[in-house]
Amino acid sequence: MTNFNIIINTTDMKIGTQILKAIREKTGGFKGVSAMAFPYQGGIEIACNVDMFTDDPIDNQHVTEIMPGVFRTKFSSIQNVVERICKEHGTSIRDNSMVIGFTPEEAARRTEIALNSRIPDYYKLNINEIRM
């Protein structure tokens, strides 16, 4: 799972609720996405957990294969829906939306380097400190 957070420039929780309904898997949104909205720094943070899944995606447009047979909803697809709903309500997202932690791709890359270099605490090191 990867966390993807988007902050919107409004305090109107009705807009946050509308966004949640549009992106959450359980309300017909994107596969593997759960989310919540809460006040944050004068706006609303849409905090998403984006889970991986292995069943064949029906909607390839919004999904990326992160490793063979493992898929995840694209962060850009989530952000596009949030932007569309914000625009409908005359607001916007802040430029500081972010991924928290490693994306699955980065985690896989770092794992491969750690295994190949035999450095047990590789995750603690800066990538530039390792020579392959």
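**Exercise 1. Decide whether cysteine 86 is buried or exposed, then do likewise for cysteine 48, and count the disulfides.**

Start with cysteine 86: its relative accessible area is 0%. The cut-off for buried is under 20%, so cysteine 86 is buried. Next, take cysteine 48, which comes out at 1% relative accessibility and therefore counts as buried. One reminder before going on: this is a predicted model. Last step, the disulfides: a pair would need its sulfur atoms within 2.5 Å, and by that rule the count is zero.

**Exercise 2. Work out how α1 and α2 cross, and which residues meet there.**

Two packed helices are described by the angle between their axes and the distance between the axes. Here, α1 covers residues 13-23 and α2 covers residues 75-88. Their axes come within 10 Å and cross at roughly 145°. As for the hand, the crossing is right-handed.

Now list the partners. From α1 you get Ile15, Gln18, Ile19, Ala22 and Ile23, and across from them in α2 sit Ile78, Val81, Val82, Ile85, Cys86 and Glu88. Sort these by type and you end up with nine nonpolar, one polar and one charged.

**Exercise 3. Describe the largest nonpolar core, and say which element gives the largest share.**

First, the size: 21 residues make up this core. Then pick out the residues with the most contacts inside it, namely Ile8, Ile19, Ile23, Cys48, Ile78 and Val82. Two or more residues come from each of β1 (2-8), α1, β2 (33-40), β3 (43-50) and α2. The largest share goes to α2, with six residues.

Zoom in on valine 82 to finish. Skip its neighbours within four places in sequence, and its contacts are Ile6, Ile8, Ile19 and Ile93.

**Exercise 4. Find what is unusual about the phi of glutamine 41, and where this residue lies.**

Most residues other than glycine have a negative phi. Glutamine 41 has a phi near 45°, which is positive, and it isn't a glycine. On the chain, glutamine 41 belongs to the loop between β2 and β3. Its relative accessibility is 55%; exposed means over 50%, so glutamine 41 counts as exposed.

**Exercise 5. Place arginine 24 and list what it touches.**

Arginine 24 goes in the loop between α1 and β2. Leave out residues up to four places away in sequence, and arginine 24 touches Gly29, Phe30, Val33, Ser34, Ala35 and Met36. For a longer-range check, try valine 50: arginine 24 and valine 50 are 26 residues apart in sequence, with a C-alpha to C-alpha distance of 9.6 Å.

Note on methods
Residues are numbered from 1 along each chain as its sequence is written. This is a predicted model: local features need pLDDT of at least 70, side-chain atom pairs count only at pLDDT 80 or more; totals for chains, interfaces and linings use all residues. Side-chain values use heavy atoms; hydrogens and water are left out. Axes are lines fitted to C-alpha atoms, for helices over the stretch in contact, and angles run from 0 to 180 degrees between N-to-C directions. Helices (H or I, at least four residues) and strands (E, at least two) are DSSP runs, numbered from the N terminus. A crossing is left-handed if the near helix is turned anticlockwise from the far one by less than a right angle, and right-handed if clockwise. Contact means heavy atoms within 4.5 Å. Ala, Val, Leu, Ile, Met, Phe, Trp, Tyr, Cys and Pro count as nonpolar, Asp, Glu, Lys and Arg as charged, and the others, Gly among them, as polar. A nonpolar core is a set of buried Ala, Val, Leu, Ile, Met, Phe, Trp, Tyr and Cys residues joined through side-chain atoms within 4.5 Å. Buried means under 20% relative accessible area, exposed over 50%, partly exposed in between (1.4 Å probe, protein chains only).
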